[in-house]
Amino acid sequence: MNYDVVVIGAGLAGFSAALAAVKEGKQVLVIAKGMGNLYSSSGYIDLLGYYPTTSKKPVVNPQKILDSLIVENPNHPYAKVGKDIIIKAFNDFLLVSEEMGLPYTGSLNANMMMPTAAGALVPTTLYPKSTDKKITVDREIVVVGIKELVDFYPAYVAQNLELQLGRKVKPLWIDLQLNISRELNSYDLALALEKPQVRNGLIDQLINLNVRDSLILIPAVLGVTRWQEVISNIEQSLNCELLEIPTLPPSVMGYRLAESFKLYLKNKGVEFIIGYPVAYAKFLDGYCEEISIYTANDRLKKIKAQNFCLATGGILGEGLQVLPREIKEDVFGLPIQVPREYSLHDFFSLEGQPLSYAGVNVNDRLQPFDPQTKETLLKNVFVAGATLAGYDPFVEKSGNGVALTSGYKAGLLAAKGGILNE
Amino acid sequence: MNNKVQVVVIGGGATGTGILRDLALRGIDCLLVEQNDLATGTSGRFHGLLHSGARYVVKDLHSAEECIQENKILKQIAPDCIEDTGGMFIATKNDDPGYIDKWLAGCAQAGIETKEISPTELLKEEPALTPDVVKAYFVPDAAVDGFTLAAANVLSAQKLGAMARNYTKVIGFKLEKNKVCGVYLKDKYTGKEELVECQYVINAGGAWAGQIAGLAGQNINVNPDKGVLVIFNHRITNRVLNHLRPPGDGDIFVPHGSVTVFGTTSKVTNNPDDTEATLEEVLELLAEGSNLIPDLKNMRLIRAFAGVRPLYQPDGGQLGREATRDFTLIDHSQLTGLEGLVSVVGGKLTTYRLMAKAAVDFVAEKLGVDKPCITHQEMIYAPVPKNGAKPGEYLCQCEMVSKKMLDQSIEGKGHFSLSDVRRLTRLGMGPCQGTFCTFRATGYYHQSRNLKVTEANKLLKDHIEERWKGSKPVLWGQQAQETQLTRGIYLGLLNLERLESDNNEL
Ligand SMILES: Cc1cc2nc3c(=O)[nH]c(=O)nc-3n(C[C@H](O)[C@H](O)[C@H](O)COP(=O)(O)OP(=O)(O)OC[C@H]3O[C@@H](n4cnc5c(N)ncnc54)[C@H](O)[C@@H]3O)c2cc1C
Ligand SMILES: Cc1cc2nc3c(=O)[nH]c(=O)nc-3n(C[C@H](O)[C@H](O)[C@H](O)COP(=O)(O)OP(=O)(O)OC[C@H]3O[C@@H](n4cnc5c(N)ncnc54)[C@H](O)[C@@H]3O)c2cc1C
């Protein structure tokens with residue numbers, strides 16, 4: 001098999017790389033050992049929530065703050081991607097999301113504060129249009145929990161919100177009375193609510209609870225693929241606004257994005273092979289010539305490409321293997337600088353955890369380089385997403401933002417043989 | 001509370017709680033005080049092996065005899081606290097065959113039943129073992145849960161009118177004419193201090209016994225000895241696994257519910273609060289353990305921690321593994337003429353009931369009570385039994401903890417932490433180490449206990465921090481990945497680090 005661009009990794013970074021490359025008219029293959037982390041993440045695309053990470057106040061205008069970040073942190077992935085590509089990647093994604101049938105909205109100039117399942121407010125940049133509802137509205141705010149779901153507690157959410165908003169937020173429970181023999185997760189419930197009769201049960205209970213006209217915060221379980229129908233059906237019946245709150249994994253909002261994006265790429269001609277890790281890579285003179293995977297019955301499949309994108313998701317995505325005194329990059333064996341201590345004393349430390357900052361060092365073309373010798377290690381490999389060094393997505397709130405923008409640049413570079421003019 | 005009792009027991013480990021129950025069964029009015037929660041000392045930081053005694057037969061026959069006697073009794077009276085897994089001793093081709101004969105003779109002498117099994121048969125039942133096994137024997141070892149045991153002892157004593165206070169620290173003794181006649185206590189939540197008067201104090205402070213005796217001006221030679229343990233996320237073997245060789249580091253694996261506890265080491269420390277395991281210690285353990293379980297280094301570790309043995313040396317005797325595992329009753333009137341205080345030190349968890357009996361026999365006589373010990377005849381029960389709840393009622397699927405168990409575990413408690421709940425229910429002790437159930441338990445208690453939301457936030461954060469502490473020395477492989485998932489959830493998704501929470505430090 002021979003492709004122009006092979007993307008390794010099927011997370012947001014991999015998808016974004018595939019998108020950029022296929023738009024350049026390239027023959028693209030995405031291969032991955034599993035589904036990426038979108039299925040557990042919120043589905044929001046956070047560009048930059050806190051800067052510096054220890055800041056108590058959220059970033060209001062991420063685009064403006066990017067300028068200082070790029071100057072002050074030259075090793076941050078955003079400094080490698082550059083502001084122009086960041087903006088382009090965001091704008092392209094907004095357009096493409098319409099075509100995917102899962103329209104996103106948001107502005108690089110203004111973060112939106114979204115309520116979390118703990119009742120905190122988290123700054124995010126791009127979000128599904130269906131969640132474009134401001135928590136600061138005048139309507140009454142109600143938080144609704146569903147008895148069948150063990151991962152959402154409305155009173156807890158409501159009281160934390162009250163603390164931050166300084167206004168009354170009402171918690172309520174509803175019981176869908178589904179006859180089930182186990183605890184349900186968000187995905188199970190979202191499938192159930194696609195059935196009109198289950199949905200009508202929910203609507204009836206909400207009517208009885210007198211929540212017409214309010215802003216209803218509800219766990220994100222309002223349909224897996226038929227979410228549009230589910231949400232508008234409820235909103236119209238109650239003349240209310242519904243704001244879904246992303247839940248603990250599995251995350252239905254993440255699922256929607258992953259599935260829509262993948263389908264979109266398939267329709268554009270991107271091929272996918274999912275379920276097999278890269279077994280080995282063959283190199284020649286600082287280039288990767290070929291990678292291979294073992295498919296069913298241990299058959300070795302060789303895959304050649306002009307250029308490769310490495311978007312293997314870091315520690316969580318399994319692109320990086322952490323050993324007691326060493327960190328290994330799984331596909332190409334790229335060198336990783338090991339932090340002196342893996343962890344800080346506090347889990348919730350606002351500095352982030354040293355282990356999380358570890359990753360592949362790259363130059364401005366996202367090619368891996370050796371931090372000691374500054375030598376470019378592989379000229380046709382472009383690295384993106386959580387495998388990159390230099391940031392901690394969780395304290396900074398930049399996970400999907402880095403994935404989207406670095407993926408986009410890696411895909412472009414791979415399509416253009418490593419050179420971007422302009 | 002009533003500020004006068006007959007006997008105050010210091011220390012809420014196996015020994016202290018066993019003493020409380022024994023006192024209560026003999027009708028003696030008593031109070032137990034524990035500076036933290038029950039079994040947060042060594043009785044909650046140990047291997048969890050209910051020894052058959054086979055480990056000690058060659059060097060310490062007397063200990064071995066005590067172990068097998070107590071092993072049989074505890075299996076009878078405390079089934080809620082014990083998982084009768086059985087145990088095995090295996091010798092590999094690298095071990096000294098001469099030791100096996102001495103060991104078999106010792107077991108016979110101590111009355112410990114052994115049954116040989118062929119290496120091929122054994123490997124079928126326990127496929128994780130090294131193929132280098134040359135000899136293998138089954139023994140009546142079992143797994144014991146120190147948290148449940150301490151709580152069950154206290155519950156049984158409370159039913160007879162005894163009192164127990166956790167988060168209450170002894171900060172001094174009231175002495176009169178060379179006699180102890182009370183203890184000064186400090187409540188860790190409120191900071192309030194008070195005096196409780198009594199006729200007798202039993203110091204069951206384990207590795208802290210020396211510090212406690214020091215408060216009464218007594219100098220006893222307790223040598224804290226640190227041992228590191230690690231936990232794997234699954235049952236590696238179905239039975240307790242021992243290395244058939246002279247006792248050393250890294251030679252015992254104990255299956256507990258869904259996990260395995262492996263260890264340990266032995267290193268003299270001068271600080272009984274030295275309970276952190278280091279990366280080096282963990283790596284040394286793993287290297288040793290690989291001799292029995294070849295694939296050990298690839299298995300997922302979820303925690304590492306250390307416990308501190310209360311080894312007692314009357315007059316500068318042996319330290320570390322050479323020190324006796326016997327226990328000693330120290331009558332301070334013999335030592336310095338101070339009346340009203342007795343310390344029980346040394347020993348093992350397996351023999352806690354015997355230690356309690358010895359201490360209570362002694363004190364009962366002083367008090368003129370002639371009722372005999374009956375702790376070997378009466379059953380004890382877990383305060384929070386595993387109960388079959390309806391599907392949909394479980395908040396922790398790793399360890400099957402239901403809402404009802406969460407309610408029972410905090411009954412009658414004013415303050416509680418999720419760690420207190422965990423010790424009674426195993427909430428968060430399984431493979432996910434609290435990633436999902438911490439959030440659920442917080443949401444559940446917030447509503448059912450009507451907690452202030454900042455209190456609930458603290459409940460949640462404290463538990464996540466506590467789980468984190470144990471996983472820090474083993475942050476690699478799948479545990480590193482799991483940690484990133486936990487961070488993704490609590491920081492990335494929930495943004496919890498920015499939420500206001502109470503900050504009363506315990
Ligand atoms: C619970 C949770 C909530 C989050 N919430 C948010 C949020 O609200 N907002 C936000 O912006 N970010 C959030 N994030 C962070 C964000 O999800 C990640 O930073 C981002 O998705 C990383 O994308 P990625 O494409 O780099 O990696 P991944 O999505 O992890 O993808 C990695 C891919 O590489 C594949 N792979 C790995 N190794 C190999 C190999 N050897 N061979 C072949 N394939 C391989 C994997 O199978 C996978 O397909 C959250 C994360 C978590 C865990
Ligand atoms: C690594 C390791 C592994 C072990 N494995 C096993 C095993 O598998 N099987 C076995 O049988 N034995 C084992 N042991 C031994 C066994 O754990 C101990 O002997 C036993 O738990 C001691 O119990 P205790 O009640 O005497 O002490 P502890 O459980 O330590 O209780 C003493 C209590 O006193 C409290 N205290 C201290 N100071 C004060 C104060 N001022 N005021 C109030 N309270 C105070 C402490 O907080 C503590 O809870 C092991 C020991 C170690 C270290």
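**Lys75(B) and its partner.** I looked up Lys75(B) in this predicted model and found that it counts as partly exposed, at 23% relative accessibility. I then followed its side chain to Asp84(B), with which Lys75(B) forms a salt bridge whose closest N and O atoms are 3.5 Å apart. Asp84(B) is itself exposed, having a relative accessible area of 52%.

**Other salt bridges of chain B.** I next turned to Asp274(B), which forms a salt bridge with Lys226(B), the closest N and O atoms being 3.4 Å apart. Asp274(B) sits in the loop between β18 (267-268) and α7 (279-289) of chain B, while Lys226(B) belongs to strand β14 (residues 222-232), so the pair ties together parts that are 48 residues apart in sequence. I noted that Asp274(B) counts as partly exposed at 25% relative accessibility, whereas Lys226(B) is buried, with a relative accessible area of 5%. I also recorded a network in which salt bridges that share partners join Lys4(B), Lys174(B), Glu176(B) and Glu197(B).

Searching the whole structure, I obtained 49 salt bridges over all chains. One of them links Asp37(B) with Arg423(B), and here the closest N and O atoms are 3.0 Å apart. Because Asp37(B) lies in the loop between β2 (30-33) and β3 of chain B and Arg423(B) in helix α11 (residues 418-425) of chain B, this pair ties together parts that are 386 residues apart in sequence. I checked the burial of each partner: Asp37(B) is buried with a relative accessible area of 6%, and Arg423(B) counts as buried at 11% relative accessibility.

**Helix α2 of chain B.** I compared the length of this helix, residues 61-77, with expectation: at 1.5 Å a residue its 17 residues should span 24 Å, and the end C-alpha atoms are 25 Å apart, which agrees. I listed its buried residues, among them Cys67(B), Ile68(B), Glu70(B), Asn71(B) and Leu74(B). An α-helix has 3.6 residues a turn, so residues three or four places apart point the same way. What covers the buried residues of α2(B) includes α1 (14-25), α3 (97-110), β20 (327-331) and α9 (352-367) of chain B.

**Ser398 of chain A.** I located Ser398(A) in the loop between α12 and α13 (399-415) of chain A, and at 0% relative accessibility it counts as buried. Apart from neighbours within four places in sequence, I found Ser398(A) in contact with Asp46(A), Leu47(A), Tyr78(A), Tyr391(A) and Pro393(A).

**The interface of chains A and B.** I found that the two chains bury about 4,700 Å² between them, 65% of it on carbon and sulfur atoms. On the side of chain A, Tyr156(A), Phe347(A) and Phe348(A) lose the most area to chain B, together 19% of what that side buries. The contact takes 53 residues from chain A and 50 residues from chain B.

I counted 4 salt bridges between the chains, and looked at the one in which Arg440(B) meets Asp151(A), with the closest N and O atoms 2.6 Å apart. For polar contacts, I noted 26 residue pairs across the interface, both residues at pLDDT 80 or more. Elements of chain A that each supply at least two residues to the side touching chain B include β5 (121-124), α5 (154-165) and β15 (320-323). The largest share, 6 residues, comes from α5(A). I closed this entry with the make-up of that side of chain A, which divides into 30 nonpolar, 15 polar and 8 charged residues.

Methods:
Residues numbered from 1 in each chain as written. Chains lettered and ligands numbered in written order. Predicted model: local features only at pLDDT ≥ 70, side-chain atom pairs only at ≥ 80, totals over all residues. Heavy atoms only, no water. Contact = heavy atoms within 4.5 Å. Buried area = accessible area lost by both parts, 1.4 Å probe. Polar contact = N/O pair within 3.5 Å; in protein donor to acceptor, adjacent residues only side chain to side chain. Helix = DSSP H or I, 4+ residues; strand = E, 2+ residues; numbered from the N terminus. Nonpolar A, V, L, I, M, F, W, Y, C, P; charged D, E, K, R; others polar. Expected span 1.5 Å × (residues − 1). Buried < 20%, exposed > 50% of the residue type's maximum accessible area, 1.4 Å probe, protein only.
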